[in-house]
Protein chains: 6
Amino acid sequence: MSKLTHLDADGRARMVDVGDKAVTSRRAEARGELVCAPATLELVRTGKTPKGSVLATAELAGVMAAKRTADLIPLCHTLALSKVAVEIAMDEALPGFAVRATVRSEGRTGVEMEALTAVSVACLTLFDMLKAVDKGMAIGAIRVTAKEGGQSGSWSSE
Amino acid sequence: MSKLTHLDADGRARMVDVGDKAVTSRRAEARGELVCAPATLELVRTGKTPKGSVLATAELAGVMAAKRTADLIPLCHTLALSKVAVEIAMDEALPGFAVRATVRSEGRTGVEMEALTAVSVACLTLFDMLKAVDKGMAIGAIRVTAKEGGQSGSWSSE
Amino acid sequence: MSKLTHLDADGRARMVDVGDKAVTSRRAEARGELVCAPATLELVRTGKTPKGSVLATAELAGVMAAKRTADLIPLCHTLALSKVAVEIAMDEALPGFAVRATVRSEGRTGVEMEALTAVSVACLTLFDMLKAVDKGMAIGAIRVTAKEGGQSGSWSSE
Amino acid sequence: MSKLTHLDADGRARMVDVGDKAVTSRRAEARGELVCAPATLELVRTGKTPKGSVLATAELAGVMAAKRTADLIPLCHTLALSKVAVEIAMDEALPGFAVRATVRSEGRTGVEMEALTAVSVACLTLFDMLKAVDKGMAIGAIRVTAKEGGQSGSWSSE
Amino acid sequence: MSKLTHLDADGRARMVDVGDKAVTSRRAEARGELVCAPATLELVRTGKTPKGSVLATAELAGVMAAKRTADLIPLCHTLALSKVAVEIAMDEALPGFAVRATVRSEGRTGVEMEALTAVSVACLTLFDMLKAVDKGMAIGAIRVTAKEGGQSGSWSSE
Amino acid sequence: MSKLTHLDADGRARMVDVGDKAVTSRRAEARGELVCAPATLELVRTGKTPKGSVLATAELAGVMAAKRTADLIPLCHTLALSKVAVEIAMDEALPGFAVRATVRSEGRTGVEMEALTAVSVACLTLFDMLKAVDKGMAIGAIRVTAKEGGQSGSWSSE
């Protein structure tokens, strides 16, 4: 059975030692969504307020959160990220907002957690900006959709 | 049509002015879940490693994140929280982990975002600790389940 | 001769004791500007890229920075801000960008430093986004333009 | 026309991808000033309180702020700085305080923003310590004065 | 037997609910020391470098750390501190440095942890500045020496 | 006489320039302890509450604090840590808790301060969790016990 890397032999939580891993080019993509009422989506799309502000604020919050991942996730390593991009699209089929984050780093550990954190905080920011008009929203489907670099090589959910 | 409170007349993102709101006792509860493979849940439940470490680490990360909500969500107000509690239960029906956060404050704004942030970061921390054994996990169903205090009064999703 | 409130009798830096001050409604406004080449301003105004992104990013950075003032300025008190607003206007007379921040709080100390920090970080963010096209920009004229509340009462530079 | 590197083809704010840039030795110097009343400067120079405390506190605040640049400026990369130095001199010609910051890093991006942030926060800290005696101070002339390393080579404003 | 307030009935770590406690004026004093070689103390006292810089840097670090206590100690409440003062004295009897921090707040919880954090980080900063000349230093005797306000009333170790 | 590396020729506090130092594998170990009443230790050991929670919370706080060392200690360099481990053992001889932290990094500076910060914050967290039952606890004996890598080579206190 696989071993939980973040627990030592005594079950003690620990930061995995990555000092002996090679520095390679890493990339990860994560996705998630905020599901809302159709009217909420419509409000952002057709309202008098420029729709850009809601999406742009959430995208920026996602980018900034990626840089603070190691402050939030106790056993994550601090990493110098070489790129963070967050894109939010309105999706009437959900209905809601589809969020995608891509993160790159030259380092010793993968950047999935940074991509997932960017998606999570972008979704939370959308929620914050829309909660006055829609109490029943839900954040979901947050998962890693692609990963490149490191020992385990490339992987994609599609 | 409802107004987006976080945008001013020009569509500019802003922190809502809460200076004239009354200080009242506020409470919010949020929930969410991490869905994983049955074997992953089993690993935490029956593995040689004490299951407590995984859950306790994620619960603590959630509590700490709640205190940093205003750092992460651009237009959230800084708040002095009087209580934060995060509980994670293993749920074989999911299969996965059910996360619940309760936050209290004596202040001028609600604490939904603090509860949602606690749930999100607890889920991210579970993901981080289990990702070595399960690439296909997903975080979802993050929503506000109860709210008390403030102008809009009490509200519960159930 | 006036006393420097942040130094004690031995010249030691200290946080002023505000425990005995009354909680009153405080407001401060600060302004500043980024002076750039006319072509840089023109690029933001007429470029193919939506001008909103540059201004909106800097405004948001200013709002978030206001909330972190006490983390940056060693002897500032931590405050719960009830409102932060940052507005950036393009000004061909400068030529450049005029930044204005307004901050409110119900507390024991003034919020000038929060307003000044918001203006400073908004200017720094504009600089960051434009530095690839204009090396000679300068940030200046950062000052408090109005203040209300507290022992010293209202004051305005105009 | 020059391209704004921090906006993608859709005008979306983004962190520039520096993953393919070479790691080189970077250095940047920035300057700025706090202009005050002559009596304020005199108070620091000849007061009973040791002048060192005001200058030393502001210098230290500048050094610490440089390390937090990526937390403050949304699209800045996190960097490991190899040196930060901030020097503040009293200047009767202004009258006021002349601030200079020098930052070094071995990395993929320049360190101008770190030097500018150090200068800005040092000026804000001076303002904070002196505001009780001088309401009309202004922070200005914050600009990059020298830069070395990276693709664009060395550059100096003098 | 006394109950551990930070654990719930299931032994789960939690932030104690202080929402129903009264807002009172709280004060705490903590002390600690850095013990070093006599020559290290002498270097600070009689060296060519002004002794003020070492002590002033550590005092300032202590003040700033007090404001970040809730970020560091997982179950501490965020508090608005009304005063933080840190004083370091050279003590030839130790030999070393005696550190004292005083913290005040108008709030629902005591401020011992803030005072202890200020002392700890001041000691760590002294250690950092002196470690190049003295490898064998030790930080110790960090304890609460006085406390006022709150349910448990005043208390002093002396 | 040895020079204080953190002060320049004018006695000004500065971050040492490490840009020309080699990147090597660094390791440091630090230790410390929380001394408490025998009954306090007994409460953790034999109480109804699982002892794991107290120790696990403090260990995690120590790991997280190590990652924030450069935010707390003014002249410390930001470092990417490759490993942080904190272990707390109950020790009836003290009586109290013995804390040990090990930190690794591939970088230009040593990691003693990160190990010492981890120990300090783990001790503070233990104090916080136990202070309701024991007012007279003291944190002490915090020192570096081993160091490897860098110009000065390996060193151990034992």
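Two strands pair if DSSP finds at least two bridges between them. Helices (H or I, at least four residues) and strands (E, at least two) are DSSP runs, numbered from the N terminus. Keep both in mind for this walk through a predicted model, in which local features need pLDDT of at least 70 and side-chain atom pairs count only at pLDDT 80 or more, while totals for chains, interfaces and linings use all residues. Residues are numbered from 1 along each chain as its sequence is written, chains are lettered from A and ligands numbered from 1 in the order in which they are written, and side-chain values use heavy atoms, with hydrogens and water left out.

**Stop 1: chain A on its own**

Please start by showing chain A alone. Its C-alpha trace spans about 55 × 30 × 30 Å along the principal axes. You should find four helices and five strands, and following the sequence you meet them in the pattern β-α-α-α-β-β-α-β-β.

**Stop 2: strand S4 of chain A and its neighbours**

Now select residues 138–148 of chain A, which are strand S4. S4(A) pairs with strand S1 (residues 24–35) of chain A in the antiparallel sense, over eight bridges. To see one of the partners, pick A:Glu33 in the viewer: its bridge partner in S4(A) is A:Gly140.

Next add residues 155–156 of chain A, strand S5. S4(A) and S5(A) are also antiparallel, with two bridges between them; A:Ala146 has A:Ser156 as its bridge partner in S5(A). The two strands form a hairpin with six residues between them. Stop in the turn at A:Gly149, where phi is positive, about 95°.

**Stop 3: across to chain B**

Bring chain B into view and select its strand S4 (residues 138–148). S4(A) pairs with S4(B) too, antiparallel over two bridges. Click on A:Ile139 and look across to B:Ile142, its bridge partner in S4(B).

How are the two chains related? Two copies of a chain are related by a rotation about an axis and a shift along it. Here a turn of 180° with a shift of 0.0 Å along the axis lays chain A on chain B with an RMSD of 0.0 Å (copies are superposed by least squares on the C-alpha atoms of residues with pLDDT of at least 70 in both). That is the relation of a two-fold axis. The residue of chain A that comes closest to the rotation axis is A:Gly140, at 1.8 Å (C-alpha); this is the bridge partner of A:Glu33 from the previous stop. The same surface serves both copies, as 98% of the contact residues of chain A recur in chain B, where contact means heavy atoms within 4.5 Å.

Stay with chain B and highlight strand S1 (residues 24–35) and strand S3 (residues 96–107). They run antiparallel and are joined by 12 bridges, with B:Thr24 standing opposite B:Gly107 in S3(B). S1(B) is also joined to S4(B), again antiparallel, by eight bridges; B:Glu29 has B:Ala146 as its bridge partner in S4(B).

**Stop 4: chains B, C and D**

Show chains B and C together. A rotation of 120° with 0.0 Å of shift along its axis superposes chain B on chain C (RMSD 0.0 Å). That is the relation of a three-fold axis. Select B:Ala80 to find the C-alpha of chain B nearest the axis, 4.6 Å from it.

Then swap chain C for chain D. No contact joins chain B and chain D, and their closest C-alpha atoms lie 10 Å apart.

**Stop 5: the helix pair of chains C and D**

Finally, select helix H4 (residues 112–130) in chain C and in chain D. These helices pack at an angle of about 165°, with their axes 11 Å apart (axes are lines fitted to C-alpha atoms, for helices over the stretch in contact, and angles run from 0 to 180 degrees between N-to-C directions). That makes H4(C) roughly antiparallel to H4(D), a label for angles over 145 degrees, where under 35 is roughly parallel, 65 to 115 roughly perpendicular and the rest oblique.

Which residues make the contact? Show side chains for Met113, Leu116, Thr117, Ser120, Leu124, Phe127 and Asp128 in both chain C and chain D.
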